[in-house]
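I opened the notebook to look up one residue and its surroundings. The entries below are kept in the order I made them.

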Amino acid sequence: QLLGAVKPGTVEAVNEAASGLLGSAHRACASGDWPPSPPESQEEGMPELAVLCGIYGTALAIIGLVVCVHVCGSPRSALPPGDEESAAEDAAIVDYYPLWYGRLLSGLLLLNIGLFLLANSPLVVGALVRANVSVAGAPLPPLNSFQFTLAESVIRFWRTGGMGFLLSSLIAVYSGVWPYVKLSLTLFCLWAPPRVLPERRRNA
C-alpha cells in the first residue's frame with residue numbers, strides 16, 4: 001500500500017516481474033535445462049595459495065631459526081667448567097626410553113604433521129554446508145551453499161576489516177603456524193643430543 005501510494009502501479013509491476021521470474025524458474029526445473037555455472041576464476045585460488053605459502057614459510061623460518069641457534073650456538077662454551085664431559089656422556093631424551101617407544105612417538109609426531117598438511121591443503125575442504133531444496137515438491141540437486149578451508153577463513157576475516165584483522169591473524173598463527181612449530185620442535189627435542197641441547201636447557 002505504501003509503494004502504491006507513492007507511485008501508482010508499483011506493486012503490480014513488482015508482482016508481474018516476480019511472477020515472470022518464477023515462471024522461468026519453473027520451466028527450467030521442469031525441463032532440467034539448468035543454466036551453466038560460471039567458470040571458476042584461477043585468480044580466486046591465488047590468494048589461498050599465497051596464504052598457505054606464507055603460513056608454511058613462517059613455520060619453516062621459526063623452526064630453522066630455533067634449530068640453527070642450538071646447532072650453531074656452541075652450547076659447550078655456555079656450560080660451566082667441568083660439565084662438558086658429563087654432557088657428552090649424557091644421552092638424548094629418546095635414549096631414556098625403549099627403542100620402540102621412541103620410534104613410535106616419532107612416527108606419531110610425523111603422522112600428525114602430515115595430517116595437518118593434508119587438512120590445510122587446497123585439496124581438502126575444511127567444512128561444507130549442503131542445502132537440500134525442493135520447488136513445488138520436486139527436489140533439486142544438493143547445493144553446496146557454504147564451504148571453507150583454513151586459507152579461506154584467513155582471507156574472509158581479513159577482508160572484513162576492523163576486528164577481522166585480529167581474528168585473521170589469530171587463525172593464521174594458532175591454526176596455521178603454531179601446530180607445525182610445536183610438533184617439529186618436539187621431535188627435535190626428542191632426538192637432539194646433549195651437545196646440541198644440553199640437559200640444563202631441556203630441563204629433562
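What follows is a set of short entries, going from the whole chain to one serine and then to the helices around it.

**Entry 1: the chain.** I noted that the model is predicted. I counted nine helices and four strands in the chain. Along the sequence I read the pattern α-α-α-α-α-α-β-β-β-β-α-α-α. The chain has 204 residues, and 24% of them count as buried. I put the exposed surface of the chain at about 14,300 Å², with carbon and sulfur atoms supplying 66% of it. I also looked at contacts between residues at least 6 apart in sequence, and 62% of these join residues at least 24 apart.

**Entry 2: serine 153.** I found serine 153 in helix 7, which covers residues 150-160. Is serine 153 buried or exposed? Its relative accessible area is 13%, and the cut-off for buried is under 20%, so I wrote down serine 153 as buried. I then left aside the neighbours within four places in sequence and found serine 153 in contact with Phe148 and Ile171.

**Entry 3: the rest of helix 7.** I listed the buried residues of helix 7 as Leu150, Ala151, Glu152, Ser153, Val154 and Ile155. Just after helix 7, I noted that glycine 161 has a positive phi of about 75°.

**Entry 4: helix 7 against helix 8.** Two packed helices are described by the angle and the distance between their axes, so I looked up both. Helix 8 spans residues 163-191, and it packs with helix 7 at about 160°, the axes being 6 Å apart. Angles over 145 degrees count as roughly antiparallel, so I entered helix 7 and helix 8 as roughly antiparallel. Their crossing is left-handed. On the helix 7 side, Ser153 is one of the residues making the contact, and on the helix 8 side Ile171 is among them. By class I recorded eight nonpolar, seven polar and no charged residues in this contact.

**Entry 5: helix 6 against helix 8.** I turned to helix 6, residues 99-120, whose axis comes within 10 Å of that of helix 8 and crosses it at roughly 165°. Helix 6 and helix 8 are therefore roughly antiparallel as well. I noted a left-handed crossing for helix 6 and helix 8. The contact includes Leu105, Leu109 and Phe116 of helix 6, and Tyr180, Leu183 and Leu187 of helix 8. By class I recorded 12 nonpolar, seven polar and no charged residues there.

Definitions and conventions
Residues are numbered from 1 along each chain as its sequence is written. This is a predicted model: local features need pLDDT of at least 70, side-chain atom pairs count only at pLDDT 80 or more; totals for chains, interfaces and linings use all residues. Side-chain values use heavy atoms; hydrogens and water are left out. Helices (H or I, at least four residues) and strands (E, at least two) are DSSP runs, numbered from the N terminus. Buried means under 20% relative accessible area, exposed over 50%, partly exposed in between (1.4 Å probe, protein chains only). Contact means heavy atoms within 4.5 Å. Accessible areas come from the Shrake-Rupley method with a 1.4 Å probe; for residues, only the protein chains shown count as cover. Axes are lines fitted to C-alpha atoms, for helices over the stretch in contact, and angles run from 0 to 180 degrees between N-to-C directions. Angles under 35 degrees count as roughly parallel, over 145 as roughly antiparallel, 65 to 115 as roughly perpendicular and the rest as oblique. A crossing is left-handed if the near helix is turned anticlockwise from the far one by less than a right angle, and right-handed if clockwise. Ala, Val, Leu, Ile, Met, Phe, Trp, Tyr, Cys and Pro count as nonpolar, Asp, Glu, Lys and Arg as charged, and the others, Gly among them, as polar.
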